[in-house]
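User: I have a structure open and I'd like to go through the labels people attach to it. Could you explain where each one comes from?

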Amino acid sequence: MSGFFNPTIAWITMRSTLGRKRAFLFAIPALILILFTVALKVSRPPSRPWPSHVLGTFGFSVLLPLTALIIGTSVLGAEIDDGSIIHLLATPVRRSSVVMTKFIVATLLTMVFAAIPELVAALIAGGGSSPPAAASGGPGSFVVINGGKLALGLFVGALACSVIYNAVFVMVSVATTRAIAVGLLYVLIWEALLSNFVSGARLLSVSHYGLGIANGFAHDPSLDAGLGAPTSAVMGAVVTVAALALAVNLLSSFTLKGEPA
């Protein structure tokens, strides 16, 4: 474990990432999601199912990637931008350990600020859109049963997205000094737009990997995953490993040439 995770780097990264009231910035998208969910819960009648659409589309295409973008590009990108990364790389710490430690910290923070709020919002929202006949015991028990499945599925999918998104954004932060701009274009154009309207794009969409995994638990057609759970899990693992391997390679090039390759 020590070869891939450095506790000292993790502690310094955690402290600097959450410093200067940045935690409030991380919490804004989650707060918007929860408040929006409460508003819809109060205003919409139970006969009109909406949680799967709102929490699936908005949560996985906007909340999760934006939170991961802010956190994932800051844990390593900030040090590259201000040049302090040179001091870290001058220590006898493996480049893979630096990348993996930063990635793990970013993933855990994203889970706290995005995956857990997604779970809270799903529990507030209640049931999805499966037919009432799927549950016995009356409409009340249907909402509880279906709502529990939806909340579990969304939470597991959000955890998976936290891992994959951060691998991508940590890699982007090493590859370019304009990581926020590049990441924002990716989120808005690819994840929020193309992957939701072009079916072929879903095979390379992190949000749809998360939705596919979520639907493996929730079995809710309104999640509009577009991919099965096995395909989503395999593709998500491939993207994560590839992004982290590329990040390590780029960081190694940085130590040799003074800037990313």
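Analyst: Sure, we'll take the labels one by one, keeping in mind that this is a predicted model.

User: What makes up the chain, in terms of helices and strands?

Analyst: There are 9 helices and 0 strands. Read along the sequence, the pattern is α-α-α-α-α-α-α-α-α. Of the 261 residues, 46% count as buried, and that label needs a relative accessible area under 20%.

User: How do you know how much of the contact links residues 24 or more positions apart?

Analyst: Take the contacts with a separation of 6 or more: residues 24 or more positions apart account for 74% of them.

User: Let's do helix pairs. Why are helix 1 and helix 2 called roughly perpendicular?

Analyst: Helix 1 covers residues 7-18, and its axis crosses that of helix 2 at roughly 75 degrees. Angles of 65 to 115 degrees count as roughly perpendicular, so helix 1 and helix 2 get that name. Their axes come within 6 Å. At the contact, Ser16, Thr17 and Leu18 in helix 1 meet Arg22, Ala23 and Phe26 in helix 2. Those residues divide into 3 nonpolar, 2 polar and 1 charged.

User: And what makes helix 2 and helix 3 roughly antiparallel?

Analyst: Helix 2 (residues 22-43) and helix 3 (residues 51-82) pack at an angle of about 165 degrees. The cut-off for roughly antiparallel is over 145, so this pair qualifies. The two axes are 8 Å apart, and the crossing is right-handed.

User: Which residues of helix 2 and helix 3 make that contact?

Analyst: From helix 2 the contact uses Leu25, Phe26, Pro29, Ala30, Ile32, Leu33, Phe36, Thr37 and Leu40. Helix 3 brings Val54, Leu55, Phe58, Leu63, Thr67, Ile70 and Ile71. Sorted by type, the contact of helix 2 with helix 3 has 14 nonpolar residues, 2 polar and no charged.

User: Why is helix 3 oblique to helix 8?

Analyst: Here the angle is about 135 degrees, with the axes of helix 3 and helix 8 (residues 206-218) 9 Å apart. Roughly perpendicular covers 65 to 115 and roughly antiparallel starts over 145. An angle of about 135 degrees fits neither, so helix 3 is oblique to helix 8. The crossing is right-handed. Gly56, Phe60 and Ser61 of helix 3 are in contact with Ser207, Gly210, Leu211 and Ala214 of helix 8. That contact has 3 nonpolar residues, 4 polar and no charged.

User: Ser61 sits in that contact. How do you know whether serine 61 is buried or exposed?

Analyst: Its relative accessibility is 2%. Buried means under 20%, so serine 61 counts as buried. Serine 61 lies in helix 3 and touches Gly56, Val187, Glu191, Ala192, Asn196 and Ser207, leaving aside residues up to four places away in sequence. Serine 61 and alanine 192 are 131 residues apart along the chain, yet their C-alpha atoms are separated by 5.2 Å.

User: What about serine 162: what makes it buried?

Analyst: Serine 162 has 0% relative accessibility. With the limit for buried at under 20%, serine 162 counts as buried. Serine 162 is found in helix 6. Beyond residues up to four places away in sequence, serine 162 touches Leu64, Thr107, Thr110, Met111 and Ala115. Its C-alpha atom is 8.6 Å from that of alanine 106, 56 residues apart along the chain.

User: And why is histidine 219 called exposed?

Analyst: The relative accessible area of histidine 219 is 53%. Exposed means over 50%, so histidine 219 gets that label. Histidine 219 lies in the loop between helix 8 and helix 9 (229-257). Histidine 219 also has a positive phi of about 50 degrees, although it is not a glycine.

User: Last one: which residues have the most contacts inside the largest nonpolar core?

Analyst: Those are Leu55, Phe60 and Leu76, in a core of 64 residues. Helix 6 (residues 139-175) gives the most to this core, with 14 residues. As for leucine 55, it touches Leu33, Thr37, Phe60, Glu118, Ala121, Ala122, Ala125 and Leu154, again not counting residues up to four places away in sequence.

Notes
Residues are numbered from 1 along each chain as its sequence is written. This is a predicted model: local features need pLDDT of at least 70, side-chain atom pairs count only at pLDDT 80 or more; totals for chains, interfaces and linings use all residues. Side-chain values use heavy atoms; hydrogens and water are left out. Axes are lines fitted to C-alpha atoms, for helices over the stretch in contact, and angles run from 0 to 180 degrees between N-to-C directions. Helices (H or I, at least four residues) and strands (E, at least two) are DSSP runs, numbered from the N terminus. Angles under 35 degrees count as roughly parallel, over 145 as roughly antiparallel, 65 to 115 as roughly perpendicular and the rest as oblique. A crossing is left-handed if the near helix is turned anticlockwise from the far one by less than a right angle, and right-handed if clockwise. Contact means heavy atoms within 4.5 Å. Ala, Val, Leu, Ile, Met, Phe, Trp, Tyr, Cys and Pro count as nonpolar, Asp, Glu, Lys and Arg as charged, and the others, Gly among them, as polar. A nonpolar core is a set of buried Ala, Val, Leu, Ile, Met, Phe, Trp, Tyr and Cys residues joined through side-chain atoms within 4.5 Å. Buried means under 20% relative accessible area, exposed over 50%, partly exposed in between (1.4 Å probe, protein chains only).
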